[in-house]
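Hi,

Here's the structure I said I'd pass along. Have a look at it first, and my notes on the binding site follow underneath.

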Amino acid sequence: MDPYRLPRHVVPSRYDLRLEPDLATLTFRGEETVAVTVAEATDEVVFNAVELAITEATIQNDRGESLRGVPAMDEATERCRVAFPSRLAPGGWRLSLAFTGRLNDKLRGFYRSSYKDASGATHLVAATQFEATDARRAFPCWDEPAFKAVFAVTLAIDPALTAVSNTSVVAERREGGKKVLAFADTIRMSTYLVAFVVGELEATDSVLVRRAPVRVWCVPGKLRLAAFGHAIAVTSLRFFEAYYGLPYPGDKLDLLAIPDFAAGAMENLGAITFRETALLVDERAASHTELERVADVVAHENAHMWFGDLVTMSWWNGIWLNEAFATFMEILAIDAWKPEWRRWVTFGVSRAAALVVDGLHSTRPIEFPVRAPRDADAMFDVLTYEKGASVLRMLEQYLGADVFRDGVRAYLTQHAYANADTGDLWAALGKASRQPIPDVMDGWIFKPGYPLVSARLEGRELVLSQQRFTYLPEPLDGAEPSGEPGQRWRVPVQIRTQAGGTSSVTRLMLSAAEARVPVAETLDAVVVNEGGHGFYRVRYAPELLERVIRRLDDLAPIERFNLVNDAWAVAVAGLASLTDYLDLTARFRGERDRNVWSVLIASFHALNRIVEPADRPRLAALVRDRVAPAFAELGWTARPGEDELTRQLRGDLARALGTLGDDRAVQQEAANLYAAHVAGGREVDPNLLPALIAILAHAGDPARYDEFLRRFRAATTPQEEQRYLYALAGFRQPELLRQTLARTLNGEIRTQDASFVARALLTSVYARELAWDFVKTNWDAMERQYPKHGLRRMAEGVVALATPELERDVHAFFRERKIDFGGKTLAQYLEQLRIAVALRARDGVALSKYLARFR
Ligand code: BES
Ligand code: ZN
């Protein structure tokens with residue numbers, strides 16, 4: 001029997017749960033009655049519980065039988081086994097439990113969060129985070145997604161506080177000194193979606209979406225930051241009702257900003273919880289990137305209300321279905337809301353991130369068997385979210401948006417209030433499209449990696465061939481290869497050919513190793529992956545590449561993005577020369593799309609991590625050579641009527657020039673503008689301000705550090721706080737960087753952020769050696785303090801320790817400490833590090849020569 005799955009001879013259908021949290025003693029007391037069905041006669045009941053003391057267990061039925069049980073906790077399996085003195089007959093029973101627990105500071109289960117008011121006094125909030133398997137830390141339960149049940153929650157709280165749970169309050173009374181709130185029954189749903197939040201909370205007015213009032217909640221004083229999140233919450237909920245063709249399944253929707261929150265947000269039905277940066281924002285003071293983040297997260301969680309909450313995966317191997325789908329829908333909703341944001345182009349950046357990890361030998365299939373829930377934790381990664389969303393987008397484009405939507409509707413209708421698997425979605429999509437979906441999709445979902453499609457001309461034929469793309473020819477020593485040799489995909493390829501002044505699009509399914517497409521004699525150029533939706537890379541033969549480059553203006557932004565992104569990847573893999581790539585970047589001086597710029601700038605950052613320190617000024621000169629013309633044309637000030645994306649591009653280019661490009665004039669002007677801004681004289685465009693702060697940190701001295709530290713502490717919006725916090729990692733002086741490192745562990749930086757700041761320090765070429773020493777020395781303290789996933793996220797920074805010496809040291813450390821983050825996480829970090837060090841070894845000299853002409 002699988003030790004990770006609960007036995008199914010006793011199944012719950014309803015929980016009447018009463019909890020009494022005490023923010024003064026940091027404890028809670030609970031009582032619950034669980035209606036269960038006994039399927040086979042038994043004298044024991046087994047469910048999940050961890051770090052709870054179960055003080056009483058009795059069971060009763062309608063025939064007047066009542067038995068007292070003896071609970072025994074098993075910490076290792078996070079279970080409780082209640083033994084009864086005689087057998088329970090098959091049928092309905094009510095299990096009553098009393099228990100106590102602690103409000104922990106680990107941001108999981110039922111936990112405490114804190115904030116300071118204007119006078120500096122600390123206040124507490126009690127909140128929950130249950131996904132994947134932490135509901136069992138708050139109340140005894142059958143904590144697997146397939147044990148769906150109805151939850152009737154009652155919270156007994158300090159009368160001065162407010163409480164929110166999944167449904168609306170149906171009764172409020174006083175009992176002793178307590179305010180007792182009874183919440184309406186939930187729909188039938190999984191335990192990981194239950195939530196309660198207790199504190200001095202404030203809410204916006206509600207806006208009705210059909211019958212459901214939608215509100216935003218936060219700690220006192222922040223309601224002025226709720227309007228933008230509220231607006232996208234309402235808009236996206238309406239969008240999803242229309243798309244899914246089903247009403248929102250809850251009776252109300254609350255979105256709550258919690259001061260301490262491990263993830264970005266969590267899709268608890270009707271009570272979505274967020275970290276503050278992902279929900280609260282001052283629309284007039286935020287950059288495009290900051291606003292987009294809020295819009296994305298809100299839309300993503302709302303998408304889950306149907307996909308995930310109404311219909312739920314049967315087990316954790318299906319988590320990709322939840323997360324990939326919500327990520328896909330998030331973009332669809334934002335794109336419908338603000339088409340001028342061109343969200344599908346920006347999605348290219350997400351796709352690119354997935355192509356990086358999926359180009360490793362140590363990648364994994366999107367879906368694979370999961371036994372221990374612990375392995376489910378390692379699945380919340382770029383393959384689940386970004387590769388998953390990319391292949392769904394590819395499928396949607398292939399089937400047609402309406403057919404795809406019809407399949408989704410059928411899937412949701414058929415499995416509402418229940419559980420489903422990937423196969424069920426394929427079945428519904430197959431019916432809607434009359435196509436064999438598994439034939440196309442299984443290679444993308446159940447196999448690791450993706451193809452490199454090479455294109456060449458042979459006479460009047462375009463020849464396309466596929467082979468798996470990997471950066472390294474072999475897995476790292478000793479590792480097993482993933483996938484099989486000669487692996488092939490069914491690749492829906494879209495090609496645009498330009499011949500004699502007319503362009504036409506061809507679609508084909510590349511299934512074999514090679515396909516041939518006739519082309520006109522007058523052929524001018526070919527664009528493979530037309531529209532940019534394919535999850536694969538393209539390598540053009542030199543003459544085809546030259547023809548594409550000569551007509552860059554004919555390419556859509558996403559096609560230019562892919563062109564640069566693939567060219568960079570192919571160079572890193574050693575399949576093309578690095579100097580050719582650097583020449584290519586010179587053709588993009590006229591580029592005006594911020595996503596294309598982001599991939600160019602990211603590649604310069606990667607080179608900065610492998611360049612010899614003596615050559616760093618020359619790399620900076622190359623960056624100026626590439627970036628300065630575009631920035632000069634944009635200028636420092638936004639023109640009236642200029643669109644948001646152009647404004648954001650201005651900020652992105654200024655940042656690249658002032659940091660990586662080390663441009664003194666830009667640094668000087670940044671200082672002037674910033675000084676005028678803080679003096680209240682001249683307002684700086686919100687898209688430029690975050691860049692100014694980053695530039696001034698890069699160029700800064702101890703006085704600037706102290707100033708930014710003060711501003712971090714006094715920040716009045718979550719975004720402002722973030723800008724100054726990450727700026728503290730952007731200085732160059734070792735003594736300042738040491739201070740920032742110390743602050744990641746001394747309580748000055750919230751644990752929800754500390755791991756990300758430490759990661760930022762590992763990836764800075766000025767901080768990385770110090771940071772790595774700090775990490776090694778303080779590993780145990782980090783492990784103790786960080787929330788779940790924190791250590792794993794921090795450790796990702798080792799990919800930037802790209803010198804042979806550091807790489808050896810990284811290996812030695814992880815080997816000695818026997819570190820495992822679950823799944824293949826660590827192997828993926830080490831392989832990425834290897835790729836960077838190998839690039840340095842192979843192309844370091846060529847890079848140095850190339851840079852000699854820049855100064
Ligand atoms: N279900 C997740 C939250 C989650 C993540 C729970 C990991 C447990 C472990 C939620 O829907 C989510 O995906 N949140 C993202 C933000 C989203 C916009 C990509 C997050 O927290 O980063
Ligand atoms: Zn999600």
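One thing before the details: this is a predicted model. I started with ligand 1, where an oxygen atom sits 3.0 Å from an N or O atom in the side chain of H304. Another oxygen contact involves E301, which has a polar side-chain atom 2.8 Å from an oxygen atom of ligand 1. On the nitrogen side, E323 puts a side-chain N or O atom 2.8 Å from a nitrogen atom of the ligand. How much of ligand 1 does the protein bury? Taken alone the ligand exposes 510 Å², and 88% of that is buried by the protein.

As for who lines the site, there are 15 residues around ligand 1, with E131, G264, E267, E323 and Y385 coming nearest. Sorted by class, that shell has six nonpolar, five polar and four charged residues. Helix α2 gives the largest share, four residues. The elements that supply two or more residues are β20 (265-266) and α2 (288-304).

Now the metal. The zinc ion (ligand 2) is coordinated by NE2 of H300, NE2 of H304 and OE of E323, at 1.8 to 2.1 Å. Along the chain these donors follow the spacing H-x3-H-x18-E. H304 lies in helix α2 and E323 in helix α3 (residues 319-337), so this pair ties together parts that are 19 residues apart in sequence. Both H304 and E323 are buried.

So if you only look at two residues, try H304 and E323: each coordinates the zinc ion, H304 has that contact with a ligand 1 oxygen, and E323 has the one with a ligand 1 nitrogen.

Cheers

Technical notes: Residues numbered from 1 in each chain as written. Chains lettered and ligands numbered in written order. Predicted model: local features only at pLDDT ≥ 70, side-chain atom pairs only at ≥ 80, totals over all residues. Heavy atoms only, no water. Near = heavy atom within 4 Å. Polar contact = N/O pair within 3.5 Å; in protein donor to acceptor, adjacent residues only side chain to side chain. Areas by Shrake-Rupley, 256 points an atom, 1.4 Å probe, with all protein chains shown as cover. Nonpolar A, V, L, I, M, F, W, Y, C, P; charged D, E, K, R; others polar. Donors = N, O, S within 2.8 Å, 3.2 Å for Na, K, Ca; no water. Buried < 20%, exposed > 50% of the residue type's maximum accessible area, 1.4 Å probe, protein only.
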